[in-house]
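Please open the structure in a viewer and keep the selection tool at hand. The tour proceeds by stops, each with a selection to make and a description of what is found there.

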Amino acid sequence: MIMILGSTHDDILYFESVMVNKKEDMIFNKYPIQIGTIFNQEVILVYDLFTSYESSLISSYIIEKYFVILIFVVGKCIAFSDNLSGGDIAISRRVLIGDVNQIKEANVKLGQIPKFPHSFETDQEVIKYLTTSVEKRSYVKYSLCAFVSANVILDTTERIKNIEMGGYVLGHNRNIVVDCTAGGVAIASELHKVPFVVVKVIERKLNEKNSTDSYLRVLKHYSDVGKAIVTCIGDIGRNDIITGE
C-alpha cells in the first residue's frame, strides 16, 4: 500500500477525487483516513496531522497495520532560500530535523537524534520517476530541496536562528524549505525501512506574513502536485520499482 499524508483536507483533496473503491475510517478517533485504489495501486490517505510528533506516530502505526511500501508527504512549506518563490514545488532530496539539540552526546551533530542519521535521504529512484512526472504533467517550477522540519513553524529569522549560521541551516545553504510534518515521517521511514518523498507547494518566503492570496496560490498548485504523484504511482506500479520485499 502507498500512503499519502497531509496536514489538512485540502492537502489530500485531489487524491480523494481520483481514488476509487473508497472506504473511510478514523485512527485513534482523531485522524481521518481513506483507503482505495489509484491506478490499481492500494492507497491510504491520512490528514489532520500538523506536527512531526503526530506524523511520526501515525506513519509508524499505518506502516505496521497496512504494509505500506512508499510514503508521499504533501501540503505546503515555507522557503528559506532566496532562489525559491511562492508557488514553486519543493521535492525532498533530504530531510533534516530542525528542533533537536543533543550535541552533548558523543558524535552527534546539531539537528541529529542519537542513533539516527543527521540527514534522512529520499529514495533516488522515486525522485527520478516523480520529477519526470512533474515535467510531463505541469509547467510549474520545481526544485530538489532540503526540508528542515520541526514541530514549530520556522517562518521567521528569529525562530530559525538557533540552527542558522552565515546563511547555512544545519550545513545547507541552497534550496532549503521548512515544514512541520516531514521530519516525523522521515523518522518513521528510517525505523521501518520504507522509502518516502516529500512534495510540497511553497506558500511564502521566510519572514513573509501569511495571507489569503498566498494560500490560494498554494491551492492552485495542489492539482499539479496531485497529477504528478498520481502519474508517478502509475509508473511505479507498471515498472515494479517498489515491491515492499
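Begin by selecting Ser7, Lys76, Ile153, Cys180 and Glu203: among the 21 residues that line the largest pocket, these lie nearest its centre. The model is a predicted one, and the pocket described here is computed from it. The space inside the largest pocket comes to about 360 Å³.

Next, colour the elements that contribute to this lining. Strand 5 (70-79), strand 11 (176-179) and strand 12 (196-205) each give two or more residues to the lining of the largest pocket. Which strand supplies the largest share of the lining? Strand 5 does, with five residues.

From strand 5, follow the chain into the loop that leads to strand 6 (89-97), and select Asn83, which is placed in that loop. Is Asn83 buried, partly exposed or exposed? With a relative accessible area of 24%, Asn83 is partly exposed, because this value falls between the 20% under which a residue is buried and the 50% over which a residue is exposed. Show the surroundings of Asn83: once neighbours within four places in sequence are set aside, Asn83 is in contact with Asp88, Lys141, Arg174 and Asn175. A distance label may then be drawn from Asn83 to Ile163; the two are 80 residues apart in sequence, and their C-alpha atoms are 20 Å apart in space.

Now select Asp155, in the loop between strand 8 (142-149) and helix 4 (157-160). Asp155 counts as buried, as its relative accessibility is 13%. Display the side chains of Asp155 and Arg159, which are joined by a polar contact of 3.2 Å. Beyond the residues up to four places away in sequence, Asp155 touches Ile78, Arg204, Leu206 and Asn207. A label between the C-alpha atoms of Asp155 and Ser85 should give 14 Å, for a pair 70 residues apart along the chain.

The next stop concerns the cysteines. How many disulfides does the structure hold? The number is zero. Select Cys145 and Cys77 to see one case: the sulfur of Cys77 is the nearest cysteine sulfur to Cys145, yet 7.0 Å away, and Cys145 is in no disulfide. Cys145 is also buried, at 2% relative accessibility. Then select Cys232, which is likewise in no disulfide; its nearest cysteine sulfur belongs to Cys145 and is 17 Å away. Cys232 is buried too, with a relative accessible area of 0%.

Turn next to helix 1 (residues 9-18) and select its buried residues, Asp11, Ile12, Phe15 and Glu16. Rotate the view to look down the axis of helix 1: its buried residues fall within an arc of 115 degrees, so they line one face of the helix.

The last stop is Ser55, in helix 2 (residues 52-66). Is Ser55 buried or exposed? Ser55 is buried, with a relative accessible area of 0%. A polar atom of the side chain of Ser55 lies 3.3 Å from the backbone oxygen of Ser52. To complete the view, show Leu5, Thr181, Gly184 and Val185, which are in contact with Ser55 when its neighbours within four places in sequence are left aside.

Technical notes:
Residues are numbered from 1 along each chain as its sequence is written. Side-chain values use heavy atoms; hydrogens and water are left out. Helices (H or I, at least four residues) and strands (E, at least two) are DSSP runs, numbered from the N terminus. Buried means under 20% relative accessible area, exposed over 50%, partly exposed in between (1.4 Å probe, protein chains only). A polar contact is a pair of N or O atoms within 3.5 Å; within protein, one must be able to donate a hydrogen and the other to accept it, and residues adjacent in sequence count only if both atoms are side-chain atoms. Contact means heavy atoms within 4.5 Å. The arc is that of the directions from the helix axis to the C-beta atoms. A disulfide is a pair of cysteine sulfur atoms within 2.5 Å. On a 1 Å grid over the protein atoms alone, a cavity is a set of points where a 1.4 Å probe fits but cannot get out, and a pocket is an open set with protein on both sides within 12 Å along at least five of seven lines; lining residues have an atom within 4 Å of a point. Grid points are joined across faces, edges and corners, and a volume is the space filled by probe spheres set on the points.
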